[in-house]
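Me: I should like to learn how the features of a protein model are read. May we work through one together?

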Amino acid sequence: MRLSIASALATALIAAGAAQAADVVRIGVEGNYPPFSQVAADGTLSGFDIDIANALCAKMEVQCEMVQQEWDGMIPALTAKKFDMIVASMSITEKRKQVVDFSDPYYDVPSRFIAKEGAFTGYTPDDLKGKTIIVLRNSPRADYIAATYPDNPVLLVDKETAVYLELAAGRGDIAFGSSVVSGESFLKQPEGKGFAQVGEAIFLTDGADGGVGIAVRKNEEELKTKINTALAGIIEDGTYAKLEDKYFDFDVIPQSAKK
Amino acid sequence: MINWSIVIETLPAFWHGLQITLLLLVISISSGLLLSIPLSVARASANPWIRTPVWLYTYVIRGTPLLVQLFVLYYGLPQFDSVRESALWPLFRSPWFCAWLAFTLNTTAYTTEMFAGAIRSTPAGEIEAARAMGLTRFQVFRDVFWPGAWRRALPQYGNEVVQMMHATALASTVTIVEILRVARDVYTNYLVVPESFGMAAVLYLMLTVILTQGFRLLERHYLRHLDPKASRTQAPPKGKQHIADA
Amino acid sequence: MFYGYLPMILDGLRVTLSVASVSLGVASVFGMLGALAKLSASPVLRGIATIYTTVVRSLPDLLLMLIVFYGGQILLNRVAEARGWGYVDINAFAAGTLTLGFVFGAYLTETFRGAILAIPRGQIEAGHACGLSGWQVVWHIMLPQMIRHAIPGFTNNWLVMLKATALVSIIGLDDMVHRAGLASAATRAPFTFYALTGLIYLAVTTISILVLTAIERRYSRGVRREATR
C-alpha cells in the first residue's frame, strides 16, 4: 500500500521528464566557467561550450536539451544518466577515462598560476613553500598541484569562478587555473587589478592525449562516433573558426584537429 | 555488493572527516550554550528594551536557512574592502572561523528560545519561595531558576545537539573536509553509492545513537526525581522548533 | 543595485516555493501513511514506520538528498532496464521534492499520529450511533478536528521545510540560492545576493506565520467560543 502510493507518486513526478527523454539528447553544461559557459542576468546560458554544443546538435540533426549541473557532480550525473554527454570544458585525462569515454578534443588551452604581480620570483616547490594554493576540486589541475606541491596547503573550491573570488578575497596566496578563464573573468575585471598570470603555461596531460573533450558514458560508441563526426564537420565547414573568433583573439583549436 | 577494497582505501579519509565533524560540533555547541544562557534570560525579561533585540536576532536567524547564513559570512563578507582590510580579516579569511560563527549564531538562536521558554514556565511560587528565604537575585537564578529551566529544556536541547551535528554537513560547502565532503569525493572518484554515501550514513547514524543515548543518561540523571518510566516514554519534540511557537 | 539580476532571483523564488509546496504535499502523504502504519495492528507495519522515522531523523537532510539523487537514480535505471521501460529520469526537482517529502513525512508522521489520537473515541462512537456512515464519520468528525490538532506541527514543518529547500541548490536545482550563487559569480557581489536571498526567505517566513496563525484561529474558533461561554 505504502510502496505502491509512493511509486505512483514518483511516476507522476517524473512523468514529464520521462516523456521527453526518449528522443532528445541531453547535454550537461556548467555555467561557472566564463567565457566558456556562464549564466546571464535573464538566466540564459551562453559561452563557447554552449555554442559548440548547439553547433554539434545542429550538425548531428538531433534535438538537444541543456542541463545545468554543478562541476562537482558532473561525471556522477552523467553516469547516473541525468544527461547523455558533457560539454563543460572537461580535460581528457587517464583518470577520467577509467569511468567515462571522451570524444576527440575540441579545444586546448594551458593552465597557469595567477598571483599578485611581483609576489613571487619563481614557482618551484621551494619558491612556494608554505603558500596556500587555490585550485578547482576534482580537476587535473588539482591532481597536478597535489603531485607537484605535496607539502603546500591547498584550498580546493567547487567551481572555477570561485578560484578567483577566493584569490581576490585573500584566502590563498596563489591560484592555479585556466589561462583563459582567469584572463577573461578575472584579470580583465576591477577585482583582478594588480594580479597577473605568472610562471609557465602548462598543458596538463597525465599521460592522456590532453585537450578538452566531450564526455559520454562508457560503451556508447554510436553517440561518440556521431559527436566526432559532427565535430570534424563544424571544423570543416568553418563554424568552429567563427565561434573561435567570436570569443578569443588567439587559437584554442587543439593541434591534433588543425588541418 | 560492497567493494571492501574501496572501503579500506577510504577509511583513513572517513576517520579524518569524522574527527572534523566532531570538532565542528563541539566548538559550535559549546559556544552556543555559553551565549544562550545570558541571552535566554534577556529574551524572557519583562523589559521590552532588553527582550526585543534578542527576539529580533532569533527571529532573523530562525527565519533564514543556515546555508544562506553560512554563504553570507563566507562568500559574502569579502565583497567589502573594509572587511578585507580590517583587523578581523585573518579570522574571516578562514573557512573554519566562518563555519564556527555561522553554526554558533544559528544554534544560539534556537537554544535561546528553548531556554527562554523553559524560564518562562518556571512556577512563580518557586521564585517567591526562594525570595522569601532571603536568597539574592543571583542566588535565585543560579540555584532555583536555572537548574529548573535546564531540566525542563534538556530533552529539547538533546534534540538540538543532534540537529546541529547533522547541520555540520553544510561545512562541506565551504571547503571544509568533514564526513559528507569525504563521501562526495569518494563518490566522484569511484562512482559507488554504498561505499560513499552509505558509509557516511553509517557514521552519522552512529553519532546520532551515541548522542541520543548520552542525553537519555543525562535526562535520567537530572530528572530522576520524576517517575523514571514517565521520563523515558516522554518523546523529544520533533524537528526544529520554529518561530511560530515563540 | 542588483545588476539586473533581481528578476532572475525572484523567478528562483517561484522555484523555491513550488519545491516547498510540492514537498509538503508529498510529506503529508508519507506522514499520513506513517501515522496509519504506527497506529495499525500489524507489527510489521509498525516496525517499518519506526525504522522510517528513526533513520530519517538520524541522518543529515543533505546526505539523504544526495542518496536519493544519485542512489535512487541508479536503482531506478536498473529497474527500468530490467523491465524494459527505457530511461526514467529523476530530475533535480523530483529528487528534491521526493527527498524533502520523505524526510518531512517522518516528522509529520508524529504530528498526524498525535492528531488522530487526540480525537476522543466517544465522538466516533456517537457519530456511528447517530447513523453516520464510516466515511461520514471521517469527513465530518475526524478530519476537521485532526486539522485543528495538526496545525501547530504542520506550521512548524512548513517553516522548517521552507528553509530546507535551500539544500536543493546543492543537487543543482535552480532555486533562489542556486541563482544567488550564479549572480554572485557573474557580478562578484556575493554579499548582495546572498543577503537578498536571506531577506526574501525572511519575508516568506513572516507571511507564512501570519497566514497560518489566521488559519489556526479559524479552525479553533468553535473551541474558543465554547471556552468563553
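Me: In what order do the elements of chain B run from the N terminus on?

Reply: In this predicted model, the elements of chain B follow the pattern α-α-α-α-α-α-α-α-α-α-α. Chain B thus has 11 helices and zero strands. Its C-alpha atoms fill a box of roughly 70 × 55 × 30 Å along the principal axes.

Me: What pattern does chain C follow along the sequence?

Reply: Chain C reads α-α-α-α-α-α-α-α-α, with nine helices and zero strands. The C-alpha trace of chain C spans about 70 × 55 × 30 Å along its principal axes.

Me: How should I read the packing of two helices? At what angle do α9(B) and α10(B) cross?

Reply: One looks at the distance between the axes and at the angle between them. Helix α9 of chain B (residues 179-190) and helix α10 of chain B (residues 194-222) have axes that come within 7 Å and cross at roughly 165°. An angle over 145 degrees counts as roughly antiparallel, and α9(B) and α10(B) are therefore roughly antiparallel to each other. Their crossing is right-handed.

Me: Which residues make the contact between α9(B) and α10(B)?

Reply: From α9(B) the contact takes B:I179, B:L180, B:A183, B:R184, B:V186 and B:Y187. From α10(B) it takes B:E195, B:S196, B:F197, B:A200, B:L203, B:Y204 and B:L207. By character, the residues of this contact divide into 10 nonpolar, one polar and two charged.

Me: How are α3(B) and α6(B) placed, and why are they called oblique to each other?

Reply: The axes of helix α3 (residues 66-76) and helix α6 (residues 95-120), both of chain B, come within 9 Å and cross at roughly 140°. That angle falls outside the ranges for roughly parallel, roughly perpendicular and roughly antiparallel, so α3(B) and α6(B) are oblique to each other. The crossing is right-handed. On the α3(B) side, the contact is made by B:L66, B:Q69, B:L70, B:L73 and B:Y74. On the α6(B) side, it is made by B:P95, B:C98, B:A99, B:L101, B:A102, B:F103 and B:N106. These residues divide into 10 nonpolar, two polar and no charged.

Me: How does one describe an interface between chains? How much area is buried between chain C and chain B?

Reply: The size of an interface is often given as the accessible area lost when the parts come together. Between chain C and chain B the buried area is about 3200 Å², of which carbon and sulfur atoms give 77%. The contact takes 37 residues from chain C and 40 residues from chain B. On the chain C side, C:K163, C:F191 and C:Y194 supply 19% of the area buried against chain B, more than any other three residues.

Me: What is the area buried between chain B and chain A?

Reply: Chain B and chain A bury about 1500 Å² between them, 45% of it on carbon and sulfur atoms. Here 19 residues of chain B are in contact with 18 residues of chain A. In chain B, the residues that lose the most area to chain A are B:R93, B:T188 and B:L191, together 33% of what that side buries.

Me: How many salt bridges are found across the interface of chain B and chain A, and how many between chain C and chain B?

Reply: Side chains of opposite charge can pair when their charged atoms come close. Across the interface of chain B and chain A there are four salt bridges, whereas the count between chain C and chain B is zero. A:D72 forms a salt bridge with B:R184, with the closest N and O atoms 3.3 Å apart. B:R184 is also one of the residues of α9(B) in the contact with α10(B).

Me: How many salt bridges does the structure hold over all chains, and which parts does the pair of A:R26 and A:D84 tie together?

Reply: The structure holds 29 salt bridges over all chains. A:R26 forms one with A:D84, the closest N and O atoms being 3.6 Å apart. A:R26 lies in strand β1 (residues 24-29) of chain A and A:D84 in the loop between α3 (74-79) and β6 (85-91) of chain A, so this salt bridge ties together parts that are 58 residues apart in sequence.

Me: Which backbone features deserve a closer look? Is the peptide bond from A:P34 to A:P35 cis or trans, and is the phi of A:K81 positive or negative?

Reply: Most residues other than glycine have a negative phi, and most peptide bonds are trans. The peptide bond from A:P34 to A:P35 is cis, with omega near 5°. A:P35 is found in the loop between β2 (32-33) and β3 (37-39) of chain A. A:K81 is not a glycine, yet it has a positive phi of about 65°. This residue, A:K81, lies in the loop between α3 and β6 of chain A.

Terms used
Residues numbered from 1 in each chain as written. Chains lettered and ligands numbered in written order. Predicted model: local features only at pLDDT ≥ 70, side-chain atom pairs only at ≥ 80, totals over all residues. Heavy atoms only, no water. Axes fitted to C-alpha atoms, helices over the stretch in contact; angles between N-to-C directions. Helix = DSSP H or I, 4+ residues; strand = E, 2+ residues; numbered from the N terminus. Parallel < 35°, antiparallel > 145°, perpendicular 65-115°, else oblique. Left-handed = near helix turned anticlockwise from the far one by under 90°. Contact = heavy atoms within 4.5 Å. Nonpolar A, V, L, I, M, F, W, Y, C, P; charged D, E, K, R; others polar. Buried area = accessible area lost by both parts, 1.4 Å probe. Salt bridge = Lys/Arg side-chain N within 4 Å of Asp/Glu carboxyl O.
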